[in-house]
Structure formats: structure tokens, C-alpha cells
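Biologist: I've got the sequence and the fold open side by side. Mind walking me through a few bits?

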Amino acid sequence: MDIRSRALQDGRPTLSIRDLTVDFPKRDGAFRAVDGVSLDVWPGEIVGVIGESGSGKTMTALSTLRMLPKRAVVSGSIELGQRRILDLSPADMRKLRGDRLSFIPQDAMRALNPTMRIGRQVGEPLVLHRNLSFKAAVSRAVDLLRAVHVREPERRVEDYPHGFSGGMQQRAMIAMGLALEPELIIADEPTTALDVTVQAQVLKLLKEIRDREATSILFITHDLGVVAELCDWVYVMYRGRIVEQGSVERIFMDPRDDYTKMLLASTPTLFPREAAI
Amino acid sequence: MATAAGFDFRRWRLVLLGGLLVGIVLFAAIFAPWVAPYSPFDLDVAKMLQGPSAAHWLGTDELGRDVLSRAIYAARISMQVALLAVTVGLVGGTLIGMTAAYFGGLVEQALMRAMDLLFSFPAILLAVVLMASLGTSVLNAMIAIGIVFIPGFSRLARASTQAVLRQQYIEAARSIGMSDIRIIFREILPNITAPLMVEAAVAFAYAVLLESALSFLGLGAQPPDPSWGNMLSTGRGFMAQAPWLSIVPGMAMFICVLGFNLLGDGLRDVTDPHMRE
């Protein structure tokens, strides 16, 4: 039950993080936000990183994108395919972002530029990384929006973000993330700002993308329900460390770490199990 | 939006009133050769210092020139100086402010302290000093007034940029591999134009006043070229015999400055989200 099936099929993980440590210098010593984290995402796998606010899950994601605040001190290694992310020059890193590696942020409404039409924004990665003209990029954006089930995409590319509902804005962000068929999508709580029905649609869409494009997804969340719905493999983070990892089934049926047990016990369910702690 | 609920006259009334006054001045300035009844330079010593009459609506000056015609041509110079000065201030200040806010650190310190230095001089004094070193001409007046405006625009641009930088769409832009320059001009600039435009309208009024002040002091437009400032300066000597020599350019300035101030205030109210019901 706890065997990582995809790891057995394929030789190399898409993303491999080893001993990642992120420190924020303070006047007295340093604050350690991420403490020796190691994790893998295999091709076509959806990996959840779950933990409470401040557990270091977002810092881990931002390290992979090299988008941490300037004062953060990072050590360890992060490999995407064969590339050692932490050793790349800023220019090479910029070429990677949005191309091989894309990011879906938490709040789509605030992640879209209010002064730019949807089509232009969704097509932007193609302009940046494939030298497409804006016109060509917008016509590709129509296809991308159709692929994430936005109705009447031909008309919708002309809209500004405020004309989109929350769920549609998140779809547009996902379309932007998919534009160049990345190896890895990092999604940082992409459904937190959405209501439950829309949330379910977005999760279904992410699963569908994984099945269609075999994209790996690193999914950051604090929501156990979402993890159960979506993920193949789960890492539980607490205070900057990974306290437990395993398949979704195993984590839910047989949690071993005390923190995981607490996390599971704190989720209201219709048929409460006996608290194991 | 105003368009959805029909035109909201109350919200736009200041803009309309200001726009009307500014429109009158601009019309006079652009079409001066057709609007003005006489040439501003034609001398007629037989008719000097005559009061308002059917032939000369606003009287004649000490050399028998038509005061109305001179005031209309003076609008030309004022508008030219104000337009170029505000452009210099707006472009220079915006570039400096955006650069400072975006890169932060030493760059920001160096740029903003230089701006503080410029700001610490009273505007008139700074303009006079610049004119003294550049030499007296209308072009130099434009440059000097433009430099006076740079610190104000740079502070506004910096503050607005800092607010925009906290937005998630900047992070999103970075996550798709956008370069710094592109983020500054495509993501930040369109989102800070509203406050800059309001400031530009107010600066326009101030530029008209400054130009008049410089001409009054003999540093701007040189006789016989008409300017409201040098007309006032001459009129001062004939206050008792021919008060219209001072009243006419004074009123022209009043209308012009009031127009731009109303326009600026109106635009601020219209673009300010807090003022929307």
C-alpha cells in the first residue's frame, strides 16, 4: 500500500529536493523557515505538501522557483530534470520559469494584472519564451482557455480580469501555467480562495491535466480534503521539517507521526473515528 | 462603472468644468492667429494706453498694442512651456521613482536622497538658479520648470510603485520568467498612471504660474514676445492710468490655473476608488 508506483516505473524524478534549508538572518541568529527538507516529485505524479501556516511549505515552493525574498539564505540542492536550480544564473533561471516550471498562485484575482486583457496575459509565456507575436499568443490563448473549459474563449480573451469570476480567473492562471507544457507545475493553495463547488471543478481540472499531459504537480495546501481528493503522495510538514510522508491512503488510514494524527483528528468528519492520540 | 448606469454627471462635473476652462485656453493658444483680432506686435503709438473700446475690447498697452491679442498669444507660450515642463518632470520623475522602488537598497537611497536635495529648494528659487545658469530663453524655462517637477513626480511614482510591487500579479509575472525591465514597463507602469495623471494636471497649473513668475522677473519670455508674466510686469508701472494692463493677464492666468486645478481635483475624485459609491 505504501509503495510509490511511479517511482518504480521511471528512472528519474522530475523534481528532487535534498536537504533544503532556508534561513532568514535576524539580529540575534537566524530564523530557520525550512529545515533539511528532502522530497521528490516523479513524472506524472501529483504530490501534496500539507502543513499549517508557517510550516515552511510555501518557502519550499518558492525556493524551487528561486523567488524567495533577497535576504533568505538557501542551502541544499534542488534538481529539476538534470538542472541544478540553485546553481543557475539569474538569466537561466528566468528562462526556466514559466517554461519548464510554472507556478499557480493562491489568489488568481490578485495574480492577474487588472490593466491587461486576459488573452494577453495567458499568452504572455509564449511571447517571453517562444518569441511569438502578441497576436499569435492571443490566438494560442484561445486554445489554452478552451483546454481549461472556459466557455466562449474567443470572446473571453478580450475581457479584463475583473470580468471573470473567481473560478474562471483561476482557470486562466492554470491555462497560463500550461502554456508551454512545463515539466512541473507548482500550485500554492490554488483553491483556497474559491468556494467549494468551484474548488472541486478546479481540482478535477488539475487531475485531468495530469492525465492528459503527464505533467508533474507539486501541490501546496493546508486542506486535508483537497489532498485526499487529488494527491498520489503526501509530505506532511511541521515547523520547517517533513515529519511524515506516504501514499494518501496510508497517511489517512495509518498515520504514524503525532502531528499527522493531530492534523487528521482536527478535521471535522461526518463519522468521527476514535481519536488515536 | 459610469457607462453601465448611464453618464453620471455629478461625479464628472469638476472634470467637465475644469476641462471647459482648459479647453478655452487651449483653443485660444492653438488658434491664436485666427482668434486674435490684431497682431500682438503691431505698434500704434497714437492709440497707446487706451481703455477698452469697440476696436480694442480690452484696451491697448503703453506702445499701442492690442492687449487681448497679446494675452491670447501669451497663452501659446504658457501652454508650450507648461506642456514641455510637465513632460520633462513626468517622464524623469516616473523613471527615477519606479527604478528606486523596484530595485530598492542603495539605488533607492541614492536616487531618493538626490530628490530630497532638489526638493529642499523652494521651487521659484530653484527655477531662478537654473535659469541663471542655463541662460534666459523660453526653452531653458521649460527645462528649468521641468527639473523643479522631477522630485514630486518621483516621490509619487515611488510610492505608487511600492504599492503595486506588493500585488501578487508582480510575483506571477516573475514566475513566468518576465525580466525586470518588462515588469517595470508592462506590469507596473499601467497600474500607476492614474495618480500620475492627476498630479500632471495639477503640475500643469503650477507650471503656468512658474513660467509667469519667471517672465515677470525677466527670465522667461523676452519682450517683445508676449507672456502673461511680462505683461503683468509692464502693467505694474501703469497701475493707476491703465489697470487693464495688469487685470487682463492676471485674469487669463486665473482662468487657466483654476481650470487645471479643477481638472486635477476632478480626475482624482473620479479615479479614487474610495469616492465611488
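Biologist: How many bridges join β6(A) to β7(A), and do the two run parallel or antiparallel?

Modeller: First, this is a predicted model, where local features need pLDDT of at least 70, side-chain atom pairs count only at pLDDT 80 or more, and totals for chains, interfaces and linings use all residues. Residues are numbered from 1 along each chain as its sequence is written, with chains lettered from A and ligands numbered from 1 in the order in which they are written. Strands are DSSP E runs of at least two residues and helices H or I runs of at least four, numbered from the N terminus; two strands pair if DSSP finds at least two bridges between them. One partnership here is I104(A) with A187(A) in β7(A), and the β6(A)–β7(A) count is 4 bridges, parallel.

Biologist: Which strands sit at the edges of that open sheet in chain A?

Modeller: The order is β6-β7-β8-β3-β9-β10, with mixed pairing. An edge strand pairs on one side only, and that picks out β6 (101-104) and β10 (241-247) of chain A.

Biologist: Is M178(B) buried or exposed?

Modeller: M178(B) is in the loop between α7 and α8 of chain B. Buried takes 20 or more other C-beta atoms within 10 Å, exposed 12 or fewer, partly exposed anything in between, with C-beta atoms placed from the backbone. M178(B) has 22, so the label is buried.

Biologist: Leaving aside neighbours within four places in sequence, which residues does M178(B) contact?

Modeller: Contact means C-beta atoms, placed from the backbone, within 7 Å. With those sequence neighbours set aside, M178(B) contacts L128(A), A173(B) and I183(B).

Definitions and conventions:
Contact = placed C-beta atoms within 7 Å.
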